[in-house]
Amino acid sequence: MTTPDATHAATGLPQARAYLHPLPVRIWHWLNALGFIALILTGIQLRYVDLFKLMSFETAVHVHNWIGFAVIANWFLWFFYHLASAEITNYHPDLDVKAFFARFFRQAQFYAYGMFVGEKRPHNVQPGNKFNPMQKLTYQFIMFIAVPVTFLSGLMMWDVERFKFLISAVGGIRVVNTVHVIMFIMFVAFIFVHAYMGMLGPRPSTHYKEMFTGYEEPHE
């Protein structure tokens, strides 16, 4: 099968732009980013009340809770939009595990070495196959495991009395709090890595621009 990259290379024509990010995905992305940053900032204020004075403790509690509900609602909009559209194909698991991990380690080698010496990126991005193997595995974990666990642990701490049976079932409020803090640390790390990876296009601004326009600029 001839790939778009091979076609453009053979004809000498410039590679066409690919429309990767529909408007609903772009709106969700930026709302989600702003929401998680606000949750992190208010969470830091709640956790380290004596070290930071971004706002009062009471204000931080209310802002953290309301933004948390908004982010949960936004996740459900993302979930149902993907179920109802072709976007869900980007998250489909690869059933050929051996081939998937061969591509995974090829992508890891590219990030660790290949991109610094001018190697061609190994994953050909397409609208129904946007994510390379490393991205796909990461986003599957984040969106279908880490985010729901964060939401659930946050809800349990929001209303301890209402969720007391569930809290007891998982080992008590200290366990819930520990899980929520671990998720907080993971998402802080994810945001920094995500921001860095966003600068790995032909120009540092390329991938950021794509999340406003929806179009991926040619990389070749």
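**A short tour: rings, a kinked helix and a core**

Hi everyone, let me start with one residue: Trp75 is buried, at a relative accessible area of 10%. Buried means under 20% relative accessible area, exposed means over 50%, and partly exposed is in between, with a 1.4 Å probe and protein chains only.

Before going on, a word on the model. It is a predicted one, where local features need pLDDT of at least 70 and side-chain atom pairs count only at pLDDT 80 or more, while totals for chains, interfaces and linings use all residues. Residues are numbered from 1 along each chain as its sequence is written, and side-chain values use heavy atoms, leaving out hydrogens and water.

Now the overall picture. The protein has eight helices and two strands. Those names come from DSSP runs, numbered from the N terminus: H or I of at least four residues for a helix, and E of at least two for a strand. Walking along the sequence, you meet the pattern α-β-α-α-α-α-α-α-α-β. The C-alpha trace spans about 65 × 35 × 35 Å along its principal axes. Of the 220 residues, 32% count as buried.

Next, the aromatic rings. How many aromatic pairs does a search of the whole structure find? The search gives 23. Our Trp75 pairs with Phe76: the ring centres are 5.0 Å apart and the planes sit at 85 degrees, so this pair is edge-to-face. Here is the rule: rings of Phe, Tyr and Trp (its six-membered ring) pair if their centres lie within 6.5 Å, and planes under 30 degrees apart count as stacked, over 60 as edge-to-face and the rest as tilted. Unlike buried Trp75, Phe76 is partly exposed, with a relative accessible area of 39%.

Another pair is Phe101 with Phe104, which is tilted, at 5.8 Å centre to centre and 55 degrees between the planes. These two are three residues apart in helix α4 (residues 97–112), which means they are separated by about one helical turn. An α-helix has 3.6 residues a turn, so residues three or four places apart point the same way. Phe104 is buried at 15% relative accessible area, while Phe101 is partly exposed at 33%. Ring pairs also build a cluster, whose members include Trp28, Trp75, Phe76, Tyr139 and Phe190.

On to helix α5, residues 133–158. Its 26 residues should span 38 Å at 1.5 Å a residue, and the end C-alpha atoms are 36 Å apart, which agrees. The expected span is 1.5 Å times one less than the number of residues. There is a kink of about 35 degrees in α5, centred on Ile142. The bend at a residue is the angle between axes fitted to the seven residues ending there and the seven starting there.

What caps the N-terminal end of α5? Asn132 does, with a side-chain oxygen 2.9 Å from the backbone nitrogen of Met134. The buried residues of α5 include Ile142, Met143, Thr150 and Ser153. They pack against α2 (23–47), α3 (57–83), α4, α6 (164–169) and α7.

That brings us to the core. The largest nonpolar core has 17 residues, and Met143, Val147, Phe151 and Phe187 have the most contacts inside it. Two or more residues each come from α2, α3, α5 and α7. Helix α5 gives the most, with six residues. Such a core is a set of buried Ala, Val, Leu, Ile, Met, Phe, Trp, Tyr and Cys residues joined through side-chain atoms within 4.5 Å. In soluble globular proteins, nonpolar side chains tend to be buried together.

Let's finish with contacts, meaning heavy atoms within 4.5 Å. Not counting residues up to four places away in sequence, Met143 touches Trp28, Trp75, Trp78, Tyr91 and Pro148.

His180 is in helix α7 (residues 173–197). Is His180 buried or exposed? At 18% relative accessibility, His180 counts as buried. Its side chain makes a polar contact with the side chain of Ser153, at 2.7 Å. A polar contact is a pair of N or O atoms within 3.5 Å; within protein, one must be able to donate a hydrogen and the other to accept it, and residues adjacent in sequence count only if both atoms are side-chain atoms.

Finally, Asn32 is in helix α2 and counts as buried at 15% relative accessibility. Leaving aside neighbours within four places in sequence, Asn32 is in contact with Val71 and Asn74. Thanks for listening!
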